[in-house]
Amino acid sequence: MNYYTLGDSGLRVSRLALGTMTFGDDWGWGADESTSRALFDRYVEAGGNFFDSADLYTNGRSEEMLGAFIRDAGIRDQAVIATKFSYNAEPGNPNAGGNGRKNILRAVEGSLQRLGTDYIDLYILHSWDRFTPAEEVMRTFDDLVRAGKVRHVGLSNVPAWYAAEAQAIARFRGYEPVSTLQLEYSLAERGIENEFVDLATQRGAGIMAWSPLASGLLSGKYRSSDASGPSGEGRLITTAGSGNPAFEKLNERNFRIVAALESVARQLGRSMAQVALNWVINRPGIASALVGATKLSQLEDNLGALEFQIPEELFQELTVASAGEATYPYSFFGPELQGMITGGATVGDKPGGYYTSHLFEGAGAGVGASDDND
Ligand SMILES: NC(=O)c1ccc[n+]([C@@H]2O[C@H](COP(=O)([O-])OP(=O)(O)OC[C@H]3O[C@@H](n4cnc5c(N)ncnc54)[C@H](OP(=O)(O)O)[C@@H]3O)[C@@H](O)[C@H]2O)c1
């Protein structure tokens with residue numbers, strides 16, 4: 001296991017973080033306590049230091065278990081604990097959810113208590129509530145850092161304009177900056193490439209990629225539709241019809257990506273999960289991929305994801321097979337219209353160490369291509 005500094009912060013984190021959304025079986029697709037403990041122990045044994053939870057996960061059980069495992073292992077100083085707030089904890093009370101100061105200050109106390117610790121290493125807004133100004137969130141984050149309850153802060157599932165505004169406010173007001181953007185990213189979900197990869201790499205936030213296996217789809221264990229619909233065993237079948245967009249993965253487009261992944265994995269003699277994780281980790285802006293598991297054998301498989309390098313040609317094959325359509329306005333940033341801006345003159349990338357856009361990278365368009373994967 002090797003470590004990166006997260007964004008522009010000095011916090012050193014494992015490139016594979018352990019997701020704890022599956023700690024506890026309260027939601028019907030997680031792991032019981034003894035399996036969760038075994039997952040934790042194996043991850044620590046492999047050298048991992050980065051744990052991700054949320055007050056929402058398994059109704060608080062995830063934080064309780066994580067806190068107990070860290071305490072029992074005696075590794076609070078080594079562990080980097082990330083946890084999140086936004087989701088409502090008390091039906092009927094609008095201030096027991098969302099990103100206003102009143103809820104953040106309520107939520108942090110609950111997380112500290114369940115985790116059994118007096119500080120959180122990385123406190124993350126879980127989801128945009130569509131109302132709270134970025135100024136209020138960033139000021140409250142900064143208060144928590146100054147009070148010693150939180151070390152670093154981050155944002156998850158927010159629009160890019162909001163994250164950019166939050167970071168600009170932090171910069172100009174001297175607040176604690178956003179060190180991470182926690183976002184869904186995998187071969188099956190590449191929406192963040194339009195805005196967030198450039199935002200993260202330009203503005204000092206490391207991306208924590210959630211659901212890097214698209215909730216298990218990219219392990220290859222689900223089969224495409226026959227008369228009775230997609231088949232396989234796991235979360236995506238258990239949660240079918242839940243309406244949660246993160247779980248709507250069993251469709252024909254994604255099965256075409258799975259087929260390309262299967263072919264590359266076969267050529268490499270690696271599992272599909274390992275290849276899918278390796279691809280995510282080696283894409284621009286990705287600081288850490290959040291691995292999740294319900295079984296020890298799955299974690300064992302996933303921990304092997306960094307042991308090999310995908311040859312460039314096969315890496316590109318995956319990138320091209322999973323690319324989406326260039327939508328407006330991003331379609332304006334490709335070589336044709338950029339050529340009209342430069343007047344046909346060749347304008348090369350900036351020298352190494354300077355920012356260049358990652359948009360269109362690896363898609364064959366060649367705009368701002370850079371091999372800077374940090
Ligand atoms: N910020 C957010 O909104 C957000 C959202 C989601 C997740 N997260 C974080 O990201 C973490 C990881 O997310 P995720 O669990 O969705 O990640 P994922 O890697 O996409 O999916 C993990 C699931 O896939 C299956 N699986 C994993 N490895 C496998 C293997 N080698 N072979 C076969 N099946 C395998 C297991 O489910 P089954 O056994 O059920 O098939 C496992 O629980 C979470 O724990 C959480 O910390 C954050």
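In this predicted model, the side chain of Arg 76 is a good place to start, as a polar atom of that side chain lies 3.1 Å from the backbone oxygen of Ala 79. A second partner is Thr 117, whose side chain is joined to that of Arg 76 by a polar contact of 2.9 Å. Arg 76 itself belongs to the loop that runs between α2 (61–73) and β5 (80–85). With a relative accessibility of 18%, Arg 76 counts as buried, because the cut-off for that class is under 20%. The loop residue Arg 76 thus combines a buried position with a polar contact to the side chain of Thr 117 and a polar side-chain atom 3.1 Å from the backbone oxygen of Ala 79.

Attention now turns to the ligand. The ligand sits in the largest pocket, and 31 residues surround it. Those that come nearest are Asp 52, Ser 211, Lys 221, Arg 235 and Thr 294. By residue class, the shell around the ligand is made up of ten nonpolar, 16 polar and five charged residues. Among the secondary-structure elements, helix α10, spanning residues 296–303, gives the most to this shell, with three residues.

Several polar approaches to the ligand can be described atom by atom. For Asp 52, a polar side-chain atom is found 2.6 Å from an oxygen atom of the ligand. In the side chain of Thr 294, an N or O atom is likewise placed 2.6 Å from an oxygen atom of the ligand. A nitrogen atom of the ligand is approached by Asn 302, which has a polar side-chain atom at 3.0 Å. As for overall cover, the ligand has 900 Å² of accessible area on its own, and the protein covers 94% of it.

Ser 211, one of the residues that come nearest to the ligand, also deserves a look for its backbone. Its phi is near 50°, a positive value in a residue other than glycine. Most residues other than glycine have a negative phi, and most peptide bonds are trans. Ser 211 is located in the loop between β9 (206–210) and β10 (223–226), and its relative accessible area of 13% makes it buried. The loop between β9 and β10 also holds Ser 215. The phi of Ser 215 is near 60°, again positive in a residue other than glycine. Ser 215 is buried too, at a relative accessible area of 9%.

A further backbone feature involves a proline. The peptide bond leading from Tyr 328 to Pro 329 is cis, and its omega is near 0°. Pro 329 is part of the loop between α11 (312–321) and α12 (335–342).

The remaining sites concern residue pairs that are separated along the chain. Asp 32 occupies the loop between β3 (16–19) and α1 (33–45). The side chain of Asp 32 makes a polar contact of 2.8 Å with the side chain of Thr 35. Asp 32 is partly exposed, at 36% relative accessible area. Its C-alpha atom is 35 Å from that of Arg 130, a residue 98 positions away along the chain. Ala 38, which is in helix α1, is partly exposed with a relative accessible area of 30%. Between the C-alpha atoms of Ala 38 and His 126 there are 27 Å, for a separation of 88 residues along the chain.

Arg 101 and Pro 177 complete this set of sites. Arg 101 is placed in helix α3, which covers residues 101–115, and counts as partly exposed at 32% relative accessibility. The C-alpha atom of Arg 101 is 6.7 Å from that of Glu 136, with the two positions 35 residues apart along the chain counted as their separation. Pro 177 is found in the loop between α5 (160–173) and β8 (178–184). With a relative accessible area of 37%, Pro 177 is partly exposed. From Pro 177 to Thr 140 the C-alpha distance is 12 Å, and the two are 37 residues apart in sequence.

Note on methods. Residues are numbered from 1 along each chain as its sequence is written. This is a predicted model: local features need pLDDT of at least 70, side-chain atom pairs count only at pLDDT 80 or more; totals for chains, interfaces and linings use all residues. Side-chain values use heavy atoms; hydrogens and water are left out. A residue is near a molecule or strand if one of its heavy atoms lies within 4 Å of it. A polar contact is a pair of N or O atoms within 3.5 Å; within protein, one must be able to donate a hydrogen and the other to accept it, and residues adjacent in sequence count only if both atoms are side-chain atoms. Accessible areas come from the Shrake-Rupley method with a 1.4 Å probe; for residues, only the protein chains shown count as cover. On a 1 Å grid over the protein atoms alone, a cavity is a set of points where a 1.4 Å probe fits but cannot get out, and a pocket is an open set with protein on both sides within 12 Å along at least five of seven lines; lining residues have an atom within 4 Å of a point. A molecule sits in a cavity or pocket if more than half of its atoms lie within 2 Å of its grid points. Helices (H or I, at least four residues) and strands (E, at least two) are DSSP runs, numbered from the N terminus. Ala, Val, Leu, Ile, Met, Phe, Trp, Tyr, Cys and Pro count as nonpolar, Asp, Glu, Lys and Arg as charged, and the others, Gly among them, as polar. Buried means under 20% relative accessible area, exposed over 50%, partly exposed in between (1.4 Å probe, protein chains only).
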